[in-house]
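Here are my notes to go with the model you asked about. Keep the structure open while you read, and look up each residue as it comes along.

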Amino acid sequence: MKQPQLGEKILELRLAKGLTQTELAEKCNLSLRTIQRIESTEVTPRSYTLKLIFKVLDFDGFSSLNKKSSIKPENSNNSRKNVARTILLLLTTSIISILIFKLVYNSNKQSIEEVKEIIQKNQSNIKRWMNNKQVDSVLTMYSDDACILHSICGKVQIREMMNNVINNEYKLIDYNSLSIDISDTIAVEKYKNTYRYKGKIKNQTGITEWHFKNEKWSIVNDVFRD
């Protein structure tokens, strides 16, 4: 036990015995000033003085207190060491987690050229599927909430539109991806194509917005004009 708990304990025991500081000092053969300084926590008494005071106050806990006193610093040191180890472990774990995240992220992150190649391949598949009237295959390139011309939204409406186009002798003759701007999980593609519709050849320009989600690039918006 250390100050201030020690001074408070002696004060408590002295009052319980009904002794004044002067009386305690006399019984212990100590000066009044010594008792006053101990109780006011100004000083920590030596082991011999403390043992003498506790004997007069009939407090037999000196041995246990002395043992706790000798053990406490060790426990305190162990506690500090444990805290230090815990902090070090947390820091190490955090650093390792960050490094792993960066490695995984960088390994999964696609380069601009890879994204362009994927989108161009997707458009090539769309052209083939449209010309073969495979509307359901085309729809795999669209997100569930995709829109065409801002008004035809959702795969149900998009399917109806595509079936209507195909039934009017639609054929995609040529498709050219003019540019693809990529930012993390979003790609904006500008394109130009040539198609036949109701027996007439037409040219079309448009912008397709692609999003990368669930490990896949999908169309979320498609706006075009003849």
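How many aromatic pairs does the structure hold? There are 4 of them, and two are described below. Keep in mind that this is a predicted model.

1. Start with the general layout. The chain holds 8 helices and 6 strands. Read from the N terminus, the elements go α-α-α-α-α-α-α-β-β-α-β-β-β-β. Of the 226 residues in the chain, 29% are buried. If you take the contacts with a separation of 6 or more, 47% of them are between residues 24 or more positions apart.

2. Now for an aromatic pair, F54 with F59. A pair of aromatic rings is described by the distance of the centres and the angle of the planes. For F54 and F59 the centres are 4.9 Å apart and the planes meet at 55°, so this pair is called tilted. Tilted covers the angles that are neither under 30 degrees nor over 60. The partners are not equally covered: F54 has 1% relative accessibility and counts as buried, while F59, at 21%, is partly exposed. The cut-off for buried is under 20%.

3. Next comes the pair Y175 and Y191, which is stacked, with 5.2 Å from centre to centre and 25° between the planes. Y175 sits in strand β3 and Y191 in strand β4, so the pair ties together parts that are 16 residues apart in sequence. Both rings belong to buried residues: Y175 has a relative accessibility of 17%, and Y191 has 4%.

4. Have a look at the largest nonpolar core. In soluble globular proteins, nonpolar side chains tend to be buried together. Here the largest such core has 28 residues, and the ones touching the most other members are M130, V138, Y142, I158, M162, Y170 and A187. Two or more residues come from each of α6, α7 (135–139), β1, α8, β3, β4 and β6. The largest share, 5 residues, is from α6. Apart from this core there is another one, of 14 residues, including I10, I35, I38 and L50.

5. M162 is a handy residue to click on. What is M162 in contact with, leaving aside its neighbours within four places in sequence? The list is M130, V135, V138, L139, Y142 and I148. M130, V138 and Y142 are also among the core residues that touch the most other members.

6. Then there is the largest pocket, with a volume of about 470 Å³. Its lining has 25 residues, and M161, Y170, Q204, D222 and F224 lie nearest the centre. The elements giving two or more residues to that lining are α6 (112–131), β1 (142–148), α8 (154–166), β3 (171–183), β4 (186–197), β5 (200–213) and β6 (216–225). By type, the lining residues split into 18 nonpolar, 5 polar and 2 charged. Y170 turns up twice in these notes: by the centre of this pocket, and in the largest nonpolar core.

7. Last, find K17 in helix α1 (residues 5–17). Is K17 buried or partly exposed? With 38% relative accessibility, K17 counts as partly exposed. Leaving aside neighbours within four places in sequence, K17 is in contact with V56, L57 and D58. K17 and L57 are 40 residues apart along the chain, and their C-alpha atoms are separated by 6.9 Å.

How values were computed. Residues are numbered from 1 along each chain as its sequence is written. This is a predicted model: local features need pLDDT of at least 70, side-chain atom pairs count only at pLDDT 80 or more; totals for chains, interfaces and linings use all residues. Side-chain values use heavy atoms; hydrogens and water are left out. On a 1 Å grid over the protein atoms alone, a cavity is a set of points where a 1.4 Å probe fits but cannot get out, and a pocket is an open set with protein on both sides within 12 Å along at least five of seven lines; lining residues have an atom within 4 Å of a point. Grid points are joined across faces, edges and corners, and a volume is the space filled by probe spheres set on the points. Helices (H or I, at least four residues) and strands (E, at least two) are DSSP runs, numbered from the N terminus. Ala, Val, Leu, Ile, Met, Phe, Trp, Tyr, Cys and Pro count as nonpolar, Asp, Glu, Lys and Arg as charged, and the others, Gly among them, as polar. A nonpolar core is a set of buried Ala, Val, Leu, Ile, Met, Phe, Trp, Tyr and Cys residues joined through side-chain atoms within 4.5 Å. Buried means under 20% relative accessible area, exposed over 50%, partly exposed in between (1.4 Å probe, protein chains only). Contact means heavy atoms within 4.5 Å. Rings of Phe, Tyr and Trp (its six-membered ring) pair if their centres lie within 6.5 Å; planes under 30 degrees apart count as stacked, over 60 as edge-to-face and the rest as tilted.
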